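These are my notebook entries on a structure that I examined by looking up one feature at a time. The structure is shown first, and the entries come after it.

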Amino acid sequence: MRGQQRRACRSGVDGGQDGGSHGAELLGRRLGAAVRAPGVSNRHGDVPVLISEDIVISQPAKILNFLRKQKYNADYELSAKQGADTLAYIALLEEKLLPSLLHTFWVDAENYCSVTKPWFASSITFPLSLYLPGKMSREALNRILLTRGGPPLYTLTEVEAQIYRDAKECLNLLSKRLGTSQFFFGDTPTTLDAFVFGFLAPIYKVCFPRVHLQEHLKQLPNLCRFCDDILTCYFRLTASDGRQPS
Amino acid sequence: MSLVAEAFVTQLAAAEPWPENAALYQQLKEEQILLSDNASSLAVQAFLQMCNLPVRVVCRANAEYMSPSGKVPFIHVGNQVVSELGPIVQFVKAKGHSLSDGLDEVQKAEMKAYMELVNNMLLTAELYLQWCDDVTVEEITHPRYGSPYPWPLNRILSYQKQWEVRRKMKAIGWAGKTLQQVLEDVDQCCQALSQRLGTQPYFFNKQPTELDALVFGHLFTILTTQLTTDELSEKVKHYSNLTAFCRRIEQQYFEGNDKESSSTAAARSAKKSLLR
């Protein structure tokens, strides 16, 4: 139907730090590009990464641009205004939801020690497995403090309280925007659906000890239904392979 | 702030009406203020004008240090001090004035998303241009930022600020971008805003909201500030509905006011020559 080239999309073990890799993989699959996700970590140290023949591209936004240039585009049925809305909502996700996602995965001590670190370390080769998870954790904390940690929030607890409040507000806004429709712009998924799924799926599916964001998400049934729909439609072949840690 | 403290402050805010002597503080307009701070300050001024709330603009060299969050502008109302557009909008709402009450839930979500888009792309691009582009830093930012202070304090302060901003850019992944990539991002953002605005007078219905104030603040400042190159303002000028939007808001909310009116336009064109 579309291109027959094999493209290998390595997505790391879960969704990558910025939540966009699930989105990139999803978009690739939705558009019919044959996308393999072997689930092994990338030796370049940067996930997600798309390898097409000899070209290596990292970062979700660049991957999506590359796919678009290869004429794989999920947004051609959208109006100009809807395309603009896509950009705006992606900015909202990155500002409001990403800090708490990073915090849940990488900064919260209990979650990090019992889930994230063993999970990542298990698929990174020794001796990098001793160093990389710690580095990613420090980078996540750094990013949170630099972008959200200025006065009048002076302690880490105050910053945490603020970012979780923002994340819950963002989830509420997404739920209101989605309403009762199947996808954000009608009946077919688009780039925005891919991005939102990329951010929501890790919150929804990963079993952490400290889960207040997941509990809040479960109170928004339309977002849960949205995630489940996409998982069954586009990830059914790999739905059982290690999406949840033991 | 905890929820209890927030509720307490909101109640305090609601208790008194808007006074006549409210003041908005920013850095010195002619010599010191930079592109991003000017944009933020103009956005707040536009918002207060749209709410019909009188405020006078006070220029102080140490406005950044007086601000409770370290960012300008901030307003001093009664015995409370609030900084940045987001908290100011909430503060004004607690006093009973709001521009977005007429919007439904989906429109409010859209408005918040577009405000984040402007903050995420336009404001970050302005900061990048000011502090990470070497030519602009040498010719414009360093001389302006520390201008009220004697040597060596002026150099120390501007290097310190530059180091802070570059650290933040590195954390969010903008440090590796080239100027061309940043300008492309600005273009993408302006295209989105232009497509959303279409042929309407304001972004939502016929009434302005805080989104209009924010977009006006940034776009007007970009259009009227002269930098080392014109590329940034060219990106905005490419979209005629955005320039018409800026002109409309300027005429409606700034030229009616005696103090502002032509002195604003004059101050801005004076700023042009001072910046080079």
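The entries below record what I looked up, topic by topic.

**Entry 1. Status of the model and chain A**

I note at the outset that this is a predicted model. I began with the secondary structure of chain A and found 9 helices and 4 strands. Along the sequence, the order of elements in chain A is β-α-β-β-β-α-α-α-α-α-α-α-α. I then looked up burial: of the 246 residues in chain A, 52% are buried. I also checked how far apart in sequence the contacting residues lie. Taking contacts in chain A between residues at least 6 apart in sequence, I found that 73% join residues at least 24 apart.

**Entry 2. The sheet of chain B**

In what order do the strands of the open sheet in chain B stand? I read the order as β2-β1-β3-β4, which makes 4 strands with mixed pairing. The edge positions in chain B are taken by β2 (56-59) and β4 (80-83). Each of these two has a single partner strand, so one side of each lacks a neighbour in the sheet. From one strand to the next, I record an average twist of 25°.

I next followed one pair of strands. β1 (residues 23-26) of chain B pairs with β2(B) in the parallel sense, over 4 bridges. The bridge partner of A23(B) in β2(B) is R56(B), and C59(B) of β2(B) stands opposite Q26(B). I also looked at the directions of the residues of β1(B). A23(B) and Y25(B) point one way, L24(B) and Q26(B) point the other way, and all are buried.

**Entry 3. Helices against the sheet**

Which strands does helix α2 (residues 35-50) of chain B lie across? I found that α2(B) lies across β1, β2 and β3 (74-77) of chain B, and that it runs at about 165° to β1(B). Helix α4 (residues 85-94) of chain B lies across β3 and β4 of chain B, at about 135° to β4(B). I listed the buried residues of α4(B) as L85(B), I88(B), V89(B), F91(B), V92(B) and A94(B). After α4(B) comes G96(B), which has a positive phi near 100°.

**Entry 4. Two loop residues of chain B**

I looked up G146(B) and placed it in the loop between α6 (134-145) and α7 (153-172) of chain B. G146(B) counts as buried because its relative accessibility is 0%. Its C-alpha atom is 6.5 Å from that of L157(B), and the two residues are 11 apart in sequence.

T209(B) sits in the loop between α8 (179-197) and α9 (210-224) of chain B. Is T209(B) buried or exposed? I record T209(B) as buried, since its relative accessible area is 1%. Setting aside neighbours within four places in sequence, I found T209(B) in contact with M50(B), L99(B), L103(B), M111(B) and F204(B).

**Entry 5. An annotated region**

I consulted UniProt for chain B, where an unreviewed entry places the feature "domain: Metaxin glutathione S-transferase" at residues 187-249. Over residues 187-249 of chain B, I read 68% helix and 0% strand. The C-alpha atoms at the two ends of this stretch are 22 Å apart.

**Entry 6. The interface**

I then turned to where the chains meet: 25 residues of chain B are in contact with 24 residues of chain A. Chain B and chain A bury about 2300 Å² between them, with 62% of that area on carbon and sulfur atoms. Which three residues supply more than any other three of the area that chain B buries against chain A? I found them to be E116(B), N120(B) and Q195(B), with 20% of that area.

**Entry 7. Cysteines**

How many disulfides does a search of the whole structure find? I record 0 disulfides over all chains. For C207(A), the nearest cysteine sulfur is that of C224(A), 14 Å away. C207(A) counts as partly exposed, because its relative accessibility is 45%.

I also asked why C189(B) and C190(B) are not bonded. The sulfur of C190(B) is the closest cysteine sulfur to that of C189(B), but the two are 5.7 Å apart and therefore too far for a bond, given that a disulfide needs the sulfur atoms within 2.5 Å. C189(B) counts as buried, since its relative accessibility is 0%.

Methods
Residues are numbered from 1 along each chain as its sequence is written. Chains are lettered from A and ligands numbered from 1 in the order in which they are written. This is a predicted model: local features need pLDDT of at least 70, side-chain atom pairs count only at pLDDT 80 or more; totals for chains, interfaces and linings use all residues. Side-chain values use heavy atoms; hydrogens and water are left out. Buried means under 20% relative accessible area, exposed over 50%, partly exposed in between (1.4 Å probe, protein chains only). Two strands pair if DSSP finds at least two bridges between them. Axes are lines fitted to C-alpha atoms, for helices over the stretch in contact, and angles run from 0 to 180 degrees between N-to-C directions. Contact means heavy atoms within 4.5 Å. UniProt positions are given in the numbering used here, feature names are shortened, and annotations may be inferred rather than shown by experiment. Buried area is the accessible area (1.4 Å probe) that two parts lose on being put together, summed over both.
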